[in-house]
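Welcome to the tour. Please load the model in your viewer, switch on the cartoon, and keep the selection box handy.

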Amino acid sequence: MQHRFILASGSEIRARLLRNAGLDIEVVPARIDEDAIKAALLDEGAKPRDVADALAEHKARRIAVKHPGAYVLGCDQVAELRTALLSKPETQDEARAQLAALAGRTHKLLSAAVIYHDGAPIWRHVGTVRLTMRPLSDAYLDAYLARNWESIRHSVGGYKLEEEGVRLFSRIEGDYFTVLGLPLTELLSYLIDRGELDI
């Protein structure tokens with residue numbers, strides 16, 4: 001990398017994906033009021049895709065102003081069910097309600113990424129995956145939450161596809177990395193095209 005590359009996220013999976021792809025990254029999580037930003041955007045009629053993009057940009061900008069010259073990557077992920085926005089569940093009851101609403105239906109997972117450099121966004125992408133969840137029995141749902149709550153408590157929709165959550169789905173249409181919260185293929189293509197990465 002010609003420039004310093006900073007991930008403005010505390011997500012371990014995003015950091016691992018970037019490092020596994022050969023990027024030398026620094027991790028500096030951005031602290032923003034996601035709930036307030038999200039509420040303001042939804043009040044203005046913003047679509048879930050635009051909410052994910054705006055949150056990713058806010059995170060990138062927050063860290064970029066403190067690190068001029070660096071490439072700063074902000075990311076965010078939301079789930080959309082019939083135009084309704086789902087966020088990270090705060091409690092097991094919220095997770096259960098989300099999973100019950102998703103069961104037997106198809107929803108979209110939107111993973112936004114924005115790179116800031118020298119005070120301006122220079123790249124952005126929102127990846128979309130369509131996921132069809134199996135019908136879930138109440139007994140399985142209770143057991144699933146009891147086993148997985150500590151792991152899924154920060155996951156949109158109440159699942160992680162890289163863990164037991166994969167059992168919940170009968171069909172997945174889209175990119176695996178996007179499911180994990182990072183449109184990695186598109187990001188790497190951009191960095192290679194810019195001469196930031198060799199190939």
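How many helices and strands does the protein chain have? Colour by secondary structure and you will find seven helices and seven strands, where helices (H or I, at least four residues) and strands (E, at least two) are DSSP runs numbered from the N terminus. Followed along the sequence, the pattern is β-α-β-α-α-β-β-α-β-β-α-β-α-α.

Before zooming in, a word on ground rules. This is a predicted model, in which local features need pLDDT of at least 70 and side-chain atom pairs count only at pLDDT 80 or more, while totals for chains, interfaces and linings use all residues. Residues are numbered from 1 along each chain as its sequence is written, and side-chain values use heavy atoms, with hydrogens and water left out.

**Stop 1: the whole chain**

Show the C-alpha trace, which spans about 55 × 40 × 25 Å along its principal axes. The radius of gyration of the protein chain is 17 Å, which agrees with the value near 16 Å for a compact globule of 199 residues; the radius is taken over C-alpha atoms, and the globule rule is 2.2 Å times the number of residues to the power 0.38. Of the 199 residues, 50% count as buried. Here buried means under 20% relative accessible area, exposed over 50%, and partly exposed in between (1.4 Å probe, protein chains only).

**Stop 2: a link between H3 and E6**

Select Asp53 and Arg124 and show their side chains: they meet in a salt bridge (3.0 Å, N to O). Asp53 lies in helix H3 (residues 48-64) and Arg124 in strand E6 (residues 120-133), so the pair ties together parts that are 71 residues apart in sequence. Asp53 counts as buried at 15% relative accessibility, whereas Arg124 is partly exposed at 36%. For a salt bridge, a side-chain nitrogen of Lys or Arg must be within 4 Å of a carboxyl oxygen of Asp or Glu.

**Stop 3: more salt bridges**

The structure holds 13 salt bridges. Among them, pick Arg171 and Glu173 (3.4 Å, N to O); Glu173 is partly exposed, with a relative accessible area of 32%. Now add Glu57 and Arg61 to your earlier pair: salt bridges that share partners join Asp53, Glu57, Arg61 and Arg124 into one network.

Another pair to select is Arg153 and Glu150, whose side chains meet at 3.2 Å, N to O. Arg153 is partly exposed at 29%, and Glu150 is exposed at 58%.

**Stop 4: Tyr116**

Keep Glu57 on screen and select Tyr116, in strand E5 (residues 106-117). Tyr116 and Glu57 are 59 residues apart in sequence and 7.9 Å apart in space, C-alpha to C-alpha. Is Tyr116 buried or exposed? Tyr116 is buried, with a relative accessible area of 4%.

**Stop 5: the loop between E3 and E4**

Go next to Arg82, in the loop between strand E3 (71-81) and strand E4 (84-86). Arg82 has a positive phi of about 50° although it is not a glycine, and its relative accessible area of 64% makes it exposed. Thr83 is found in that loop between E3 and E4 too. Phi of Thr83 is also positive, near 75°, in a residue other than glycine, and Thr83 is exposed at 65%.

**Last stop: Asp35**

Finish at Asp35, in helix H2 (residues 34-43). Asp35 is exposed, with a relative accessible area of 55%.
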